[in-house]
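This report looks at how parts of one protein chain fit together. Please keep the sequence and the structure in view while reading.

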Amino acid sequence: MKRNRPGAAISVLTAAALVLSGCSKPHSALAYASGARVDCGGKQAITASGSSAQANAMTAFIAAFTKACKGQQNLTYNVSSSSLGVSDFLSGKTDFAGSDLPLTDDQYPAAKQRCGGNDAWNLPVVFGPIAITYNLNAVDNLVLDAPTLARIFNGSITRWDDPAITALNTSMPPEDIHVVYRADPSGTTAHFQAYLQAASGGAWDKGTGKVFNGGVGTGDHGNIGTAAQVKNTEGAISYNEYSFAQQQNLFAAQIKTSASRKSLRPVRIGADTVGKTISSAKIVGKGDDLVLDLSSFYNPSQPDVYPIVMVTYEIVCSKYPSSDVGQAVKAFLQAAVGPGQADLDKRGYIPLPPDFQSKVFGAIDAITSTPGATNGLTG
């Protein structure tokens, strides 16, 4: 029996939002955020661009920055993609970049040149689950696993009533599947394809990276575009940073992992299930370049761990050629990892755990700038 779709979507995602805000008592656990130090000063207006996955978190960060600095400083963030954000930063068009992936080995030399001969650092500021979003008028609960997802996104499975899908669900409608993917190079795609390659048992052989390699479906730009496509297309499926699924009132599939198969319980997105995921993140960067290894996320050993989670970095200079810009960027980052973390659970993200936040704050404190230098770059 079909249900009223808009009402059903709102009720399910309202429940999911309560899970995110209710489990693990995130607000009481974030007592450190309200008292975090923000050393305001420097350039009044700074700029950044990049990741669409962090766009909704960036709204909170900017609000925290302007409030902490009494409205005297502001940041303009241009939502585009991780690739464009890094490109803008390397060319000196912006003061820092938002990216769902750290700098690659071949980008570090260009970043060092852009930073006036100083190293660039990748600072993780927010974690967000990637939701497998779908639009099926007759289905309010959908369970999928990595092998099945791989075959959907490489075009091997083309109908919702395929035996591989019905084996995971009681019944499915006889409809075609409409795959929606990111048309622009994106960190969200890179994280999703990394998950498919690691967890699908060989079903995904299309490789990884920022460009979608599945060879099937309809592309759109940004998490905003793909989420809107799913909302407007019966039978659609895509991968979206969770806050965009919330914005569009989309359903998110539950995921069976190798561990959850044994317990017969699929894993839904929640502060508890995602919190356990990020607790296994390992820092592999050197010094204050806090690059993370997320490979442990994809095949969890515990049954109640959500496996598709991304991290977003702010890519900054360790020492800015302009003292005014360096001081302002530092103040913004202090606000982002301090008071800006307090309400991220309401926006579909998971706040930094206190011990992890402390490491990021230490790296921010280590950012310096060349006194009195003004070299014509924005940063």
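The text below covers a pair of helices, a nonpolar core and two residues with their contacts.

The model is predicted. Helix α4 covers residues 55-68 and helix α14 covers residues 323-337; the two pack with their axes 8 Å apart, at an angle of about 115°. Angles of 65 to 115 degrees count as roughly perpendicular, so α4 is described as roughly perpendicular to α14. The crossing of α4 past α14 is right-handed. On the side of α4, the contact is made by M58, F61, I62, A64 and F65. On the side of α14, A328, A331, F332, A335 and A336 take part. Sorted by type, the residues of this contact are 10 nonpolar, no polar and no charged.

F332 also appears in the largest nonpolar core, which has 108 residues. F332 is among those with the most contacts inside this core, together with I132, F153, Y195 and I237. Strand β4 (residues 120-134) supplies the largest share of the core, 10 residues.

What does T188 of helix α9 touch, and what does F153 touch? The table lists their contacts, leaving out residues up to four places away in sequence.

| Residue | Residues touched |
|---|---|
| F153 | V179, V180, F192, W204, F212, G214, V216, I237, S238 and Y239 |
| T188 | A53, D100, I130, R182, N223, Y239, E241 and M310 |

Y239 is listed for F153 and also for T188. T188 lies in helix α9, residues 187-199. Is T188 buried or exposed? Buried means under 20% relative accessible area, and T188 has 0% relative accessibility, so T188 counts as buried.

Methods:
Residues are numbered from 1 along each chain as its sequence is written. This is a predicted model: local features need pLDDT of at least 70, side-chain atom pairs count only at pLDDT 80 or more; totals for chains, interfaces and linings use all residues. Side-chain values use heavy atoms; hydrogens and water are left out. Axes are lines fitted to C-alpha atoms, for helices over the stretch in contact, and angles run from 0 to 180 degrees between N-to-C directions. Helices (H or I, at least four residues) and strands (E, at least two) are DSSP runs, numbered from the N terminus. Angles under 35 degrees count as roughly parallel, over 145 as roughly antiparallel, 65 to 115 as roughly perpendicular and the rest as oblique. A crossing is left-handed if the near helix is turned anticlockwise from the far one by less than a right angle, and right-handed if clockwise. Contact means heavy atoms within 4.5 Å. Ala, Val, Leu, Ile, Met, Phe, Trp, Tyr, Cys and Pro count as nonpolar, Asp, Glu, Lys and Arg as charged, and the others, Gly among them, as polar. A nonpolar core is a set of buried Ala, Val, Leu, Ile, Met, Phe, Trp, Tyr and Cys residues joined through side-chain atoms within 4.5 Å. Buried means under 20% relative accessible area, exposed over 50%, partly exposed in between (1.4 Å probe, protein chains only).
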